[in-house]
Amino acid sequence: MKYKNPILLFWMLAILLTSCTKETAPPTAPTFQKPGVFIVNEGNFTTGNASLTWYQPEKDSVTQDAFYAVNKVPLGDVANYMTSYKDKGFIVVNNSGIVYVINLETGAFLGKISGLTSPREILILDDNHAWVSDLYNKHLSVVDLHTYEVTGIIALQGRTSESMVRIGEKVFINNWSKLNQIPTNNMVLVLDAATGTITDSITVSREPNSMVVDANHKLWVLCSGGYDNAEYPALYQINPNSDSIEKKLTFPNKNTNPFSLGINGAGNKLWFLNEDIYKMDITDSQLPDTPWVTSGSNNFYSLGVRPDQESVYVSDALDYVRNGNIYVYSASGALTGSFEAGIIPGNFCFVY
Amino acid sequence: MLLRKHKTVFFLSWLMATTMIARGQAIFDTLNLHEFEVIGVLDSYEDSYKKTTLDTLVKRHFEHLDLGELLSAFSPVFVKSYGKGSISTASFRGTSASHTKVLWNDFTINSPMLGQVDFSTIPESFFDEVNLLYGGGSLYQSGGALGGSVLLSNSTLIPRKSLLHVSQSLGSFGSFNTAATLHLEKKKMIAETRVMLQSSKNDFPYYNNGTLPSQWMKQQNASFLNGGFLQQFSWQLNPWQHLSLMSWNQWNRRNIPPIMTNVYKGGNPEEYQKTFFTRNVIGWLYHKDKTRIEMKSAWFFEKQHYYLKTTTANDSAQTVTLIDSKNNTSGFYTKGKWKQQLKKNFTLRAGIDIDYDRVESSNYSDLKTRFSTSIYTGLNKQFLKRVTLDLLIREELVDGKLLPVMPYAGVNYKALKKEELYFRASVSRNYHLPTLNDLYWYPGGNPSLKPEDGLETEAGISYMKKLTKNMAAAIEINGFYNKISNWIQWKPSDYRFWTPENMAEVHARGMELSASLNVRAGLWHYRISGFYAYTRTTDESALAIEKGYSGRQLIYIPAHHGNAFLYMAYKNWNFGWNSMITGSRTTTMNPADSYSNTLPAYWLNNIQLGKKWLFNKIDVAMQIKINNVFNVQYQAVIWRAMPGRNIEITAKIDIL
C-alpha cells in the first residue's frame, strides 16, 4: 500500500491549512460609566455592520463595537439614532426595523421593539409611551414601553417623519424625506403629546432635516432646500405657542446642503454643518459668513454638542466604507481631541 | 467514433478522471489519448499559460451542482455565495467578480449591465466541459478578463453516451432537482436535448446570532424555482465541415431572504427576482489538414425583474415601498476564428469578435448600447521541440474609440527530455471596460470612466509523472503578480447616492498550488486531488497611501483558500469526499480587525456514496450525499445565513 502516504499527506496539508487562520478574539464586556457619549455608527446599507462606539472624554477612552462586546450580536443594519431615558438606552436600527432597548450602565439587552418598517427616531413621552418616526410609513408607531409592543399608529396626512421634538404638551415632527410621499416635503407637523392628534402644521423650506429647542423654548428648524437644490436652504425660528415663524434666515448659496443642527446645554448657541462647521448665537439676525472650523479634507457628517459642557463633537465619515473619526472641539473652536469610531458615525447620545 | 458499450465508457471516464490537468493526458497510452481527444475542446495543451479542465469524473458525480458550487469545490477560483439558490460570483487571483468572464461556446455571458455572472443560475448538467483560463491566457478568448475566464462548452462532436439520461434528486429543505438528456443520432445529424428543473423551499434552520435574542431560526423567503432547456443540433456536412445550432433557455425565480440582522423587520417585505434568458448560437466549423476556420453568431436576450414591496404593519393592502425594476438586455455577437499550421512547429491564428449590446433599463435614463469590435492575431512557435513561444496581440474598438493594444507573450519550456516537467512564464496587458451600470446607472453613473488597466505577469512549473504502471501524479505551482490601475470603485457622493470612480491601483499577487494522484489497484480506483491558493490583494494608489489603508487586504478576498477531493471506487461502488477551506475575510477596509466585521475561516466537508447497477440496456445508479457533514455554521457573506448539514439522494437512469 505504497500510495497511502501521499493521501495522508494531502489530508494533513488540508488540516494544516485550517489551523493557519487566525481568529480575532472577541472584546471583553465593557461598562459604561458616566459621563460619556455613545456614537451610533450607521454602517452600510444591507451589510449589517452598524455599531456603537463608547467614548469617555475624561479618560479619553474609546470602546469600539460596544454593543457587540456586551451582547455578542451586531447592532444591525443602518443604526440611525439613540436616546436615553432614565436608566435605559433606545437605539433605532433603521433597516433592521427594530429599536433595541439596553441598560445604559451595562449595555445589556432589555428588549426590542420590532416589526417596524423603516424607523428613524424614537421619542419617549413618559414611562409608558413612545412614538417612533418612519422614513417610508406615513404614520408614527405608538409603542407601549412595558411590553415593547406597537399598540397603534398616528397617521401623518400622507407624510413621512424624521425628528420629533417635544416642547411642553406639543410635539413637533419634521417631514424630511420626499422618497415615498406625494406632498412636498416642506412641513413641520404639530401634534398633541397626550392625544396624538395633529393640531397644526408649519410650512418651511424643503427638506427640514434637524430641529433643536433653545433657552427661550423656541424651536429651530434647519432645511437643506432639497437634495436637488430646488430651493435655497434656510434656518427657521418658530414660536411653539403660536406655531408661527418668527425668523427665517436664508442661505445665500442654493447649492449648499446645511444639516445637523446642534445646540449647547445653555440653549443660546447653535452649530450646524455645511461642509465646514458653523456657529451662531440664537439672537443673531443673520447667518454666519465664515466657518467656525473648516473641514479641510474631512468629510463632516454629523454634529453633536455635549449638553453639560460646551464641547462640540463632529464626525468625519471619510469614504463611508472605513471607520470614521470623531473630532472634539472646545467652546473656542480649538481641537481638543479626536478618536476613531465605526463606519459612518451618524448620531451622538450623551450620557451625563 | 461512437462508444456503445458501457464498460468502455466506464473505462474511458475513469481514464479522463485521471487527468485533472489537461496536459496530464500526455502520460497515458496513445491509443486512449486519441479517444480522449475526441472529447477535448481546447486544441493545444503545451501552453505558456495556465489552464485547468474540470474533469469528467467530477462532472458525472456532481451533476446537480451549479457552476459556483462546482468551482468552489474543484478549482482555485474563489466563489462568493449569498446562499444556496442566491447570487454567487467567482473571482480569480484576487480580482473582482466582473474581472471573471464566462464564455459559453466562445460567447461572453457576463451581464453587460453588472459585468458579472451569477454562477448559481448555471446548471452543471448543461455543459460537456468546463475549462478555466487564468490571467493573461484569457486573452486567447476575450479581452477584459483581468482575473481569468471560465469556458463552458457543448461539444458538437460528442459521442453518444446514452440515448436517454434521467437524474432525479430529493434533498433536505424541500429540494428537488431533475436533469435529463436525450441524445438522438441519425446518419450525420445529432440532436441533443437537455432539460433541468430545480426547486427548493430552502427553509433550512440556522443559528441566528445577528439579532437579539440569538436563537435557532428557519431561513425565510429563500425559496427558488429554476427551469430550462438546452437544445442542440449538429450536422456533419462532410468529414471537414460541420454546422451546429444551440439554444439555451432558462427561467429563474428566486425569493430574496433578509439578512440575519433584519429578520424582525416589519412591513411584510416581499422581495424576489425573476429572470428569463435565451442564448442562441449558430456555428460553422471547417477543419481540414492544417487549417481550422470557425464562424459563429449569437443572439442573447435577457429579461430581469426585481421586485420589492413592503406594506404597513397593520394593513397589508397599503403599500409602503415598492421597487419594480425591469431590465431587458439583448446582444448580437459574431466571431470568426482562423488557425493555420504553417510548419510542423509553427502555427498562426487570427480572429475577429463583433459585439453589440443593447440595454433597456428602468435604472437608466434611456436606451443604452455598446458596440465593440476586437481583432487579434497570434503565433505559436516551437523551438528544438522543447521551447514553445506564444505571442498574441489583441486590439479593441469600442463605440468608435480605440483601446490601447493588449499584447500577450508567453513561453513554455520542457525542461527534461524524458520527463513531463514544464516551466512557463508570461506577461500581458489587458483592459476591462466599465460596465454599462458604471457608466449609465441613474443616479450616479459616470460616463467619463476609463477602462481598468491590467498588467499581468506569471510563472509556473508543472510536473507529471507516471509513478508505476497504475499510478500517476501531477503537481503544479504558479506565482502571479497583477497590477490593475484605474480600478473602478463605487463610493457615496455628496447627495448620498453612490458613484463609480477610477480610484484604486490594485496589486493582486499570490500563488496557486495544485496536485493530484491517481491510482488503480486491482478493482480499486483511487483519486486524490487538491488546490490551494494564496492571494494578497491591496490598493497601492497614492490616495490609499496618503489615507493609510494601502497594504490592507481588499474585502471578501481570503488570503488562503483551498480544497481537496478524495475519490475511491471499488467495482460498482464509489465514494467521494470533498473538503473546502476558506480563510478569514475582512468585510470592511478598517485597519484593526473589528470582531463583528471579520468573517472567520470555515471548513466544509461533503461526502457521498454511490452504487451503480449495469443491466443489458440500462444503467441505474443511486447516490447519497451529505453536505456540510460537520454541520458547520458559517457565513460566506456577512450576515447571510447558510445551511448546516443536509442530505441529498439521487437516482440516475441511463438508457443506452
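Buried means under 20% relative accessible area, exposed means over 50%, and partly exposed lies in between. The model used in these exercises is predicted.

**Exercise 1. A salt bridge in chain B**

Task: Find the salt-bridge partner of R254(B), and decide whether the two residues are buried or exposed.

Solution:
1. Start at R254(B). Its salt-bridge partner is D118(B). The closest N and O atoms are 2.8 Å apart.
2. Place both residues. R254(B) sits in strand β14 of chain B, and D118(B) sits in the loop between β5 (107-108) and β6 (129-134), so the pair ties together parts that are 136 residues apart in sequence.
3. Apply the cut-off for burial, under 20% relative accessible area. Both R254(B) and D118(B) are buried.

**Exercise 2. A salt bridge between two loops**

Task: Determine which parts of chain A are tied together by D127(A) and K86(A).

Solution:
1. Check the contact. The two side chains form a salt bridge, with N to O at 2.7 Å.
2. Locate the ends. D127(A) belongs to the loop between β8 (119-124) and β9 (129-134), while K86(A) belongs to the loop between β4 (79-85) and β5 (88-93). The parts joined are therefore 41 residues apart in sequence.
3. Classify each residue. D127(A) has 39% relative accessibility, so D127(A) is partly exposed. K86(A) has a relative accessible area of 58%, so K86(A) is exposed.

**Exercise 3. Another pair, and a network**

Task: Classify D366(B) and K368(B) by accessibility. Then name the residues of a salt-bridge network in chain B.

Solution:
1. Confirm the pair. D366(B) and K368(B) form a salt bridge, and their closest N and O atoms are 2.9 Å apart.
2. Compare with the cut-offs. D366(B) is at 42% relative accessibility, so D366(B) is partly exposed. K368(B) is at 16%, so K368(B) is buried.
3. Turn to the network. Salt bridges link D106(B), R292(B), E294(B), K296(B) and K337(B).
4. Set these in context. Over all chains, the whole structure holds 31 salt bridges.

**Exercise 4. A covered helix**

Task: State how many residues of helix α4 of chain B are buried, and what caps its N-terminal end.

Solution:
1. Take the span, residues 67-74. Of these 8 residues, 6 are buried, and the helix is mostly covered.
2. List the buried residues of α4(B). They are L67(B), G68(B), L70(B), L71(B), A73(B) and F74(B).
3. Look at the N-terminal end of α4(B). D66(B) caps it. A side-chain oxygen of D66(B) lies 2.8 Å from the backbone nitrogen of G68(B).

**Exercise 5. A buried asparagine**

Task: Trace the backbone atoms reached by the side chain of N208(B).

Solution:
1. Place N208(B) in strand β11 (residues 205-208) of chain B.
2. Check its cover. The relative accessible area of N208(B) is 0%, so N208(B) is buried.
3. Follow the side chain of N208(B). It reaches the backbone nitrogen of G210(B) at 2.7 Å. It also reaches the backbone oxygen of M260(B) at 3.1 Å.

**Exercise 6. A surface patch and a long separation**

Task: Name the members of a positive surface patch in chain B. Then find the C-alpha separation of Y463(B) and N363(B).

Solution:
1. Collect the patch. R253(B), K274(B), K303(B) and K326(B) form it.
2. Locate R253(B). It lies in strand β14 (residues 241-255) of chain B. R253(B) is partly exposed, at 32% relative accessible area.
3. Move to Y463(B), in strand β24 (residues 452-468) of chain B. Y463(B) is partly exposed, at 27%.
4. Read off the separation. Y463(B) and N363(B) are 100 residues apart along the chain, and their C-alpha atoms are separated by 51 Å.

Terms used. Residues numbered from 1 in each chain as written. Chains lettered and ligands numbered in written order. Predicted model: local features only at pLDDT ≥ 70, side-chain atom pairs only at ≥ 80, totals over all residues. Heavy atoms only, no water. Patch = residues over 30% accessible without salt bridge, like charges linked within 9 Å, V, L, I, M, F, W, Y side chains within 5 Å. Areas by Shrake-Rupley, 256 points an atom, 1.4 Å probe, with all protein chains shown as cover. Salt bridge = Lys/Arg side-chain N within 4 Å of Asp/Glu carboxyl O. Lys, Arg positive; Asp, Glu negative; His and termini not counted. Charge placed at Lys NZ, Arg CZ, Asp CG, Glu CD. Helix = DSSP H or I, 4+ residues; strand = E, 2+ residues; numbered from the N terminus. Buried < 20%, exposed > 50% of the residue type's maximum accessible area, 1.4 Å probe, protein only. Polar contact = N/O pair within 3.5 Å; in protein donor to acceptor, adjacent residues only side chain to side chain.
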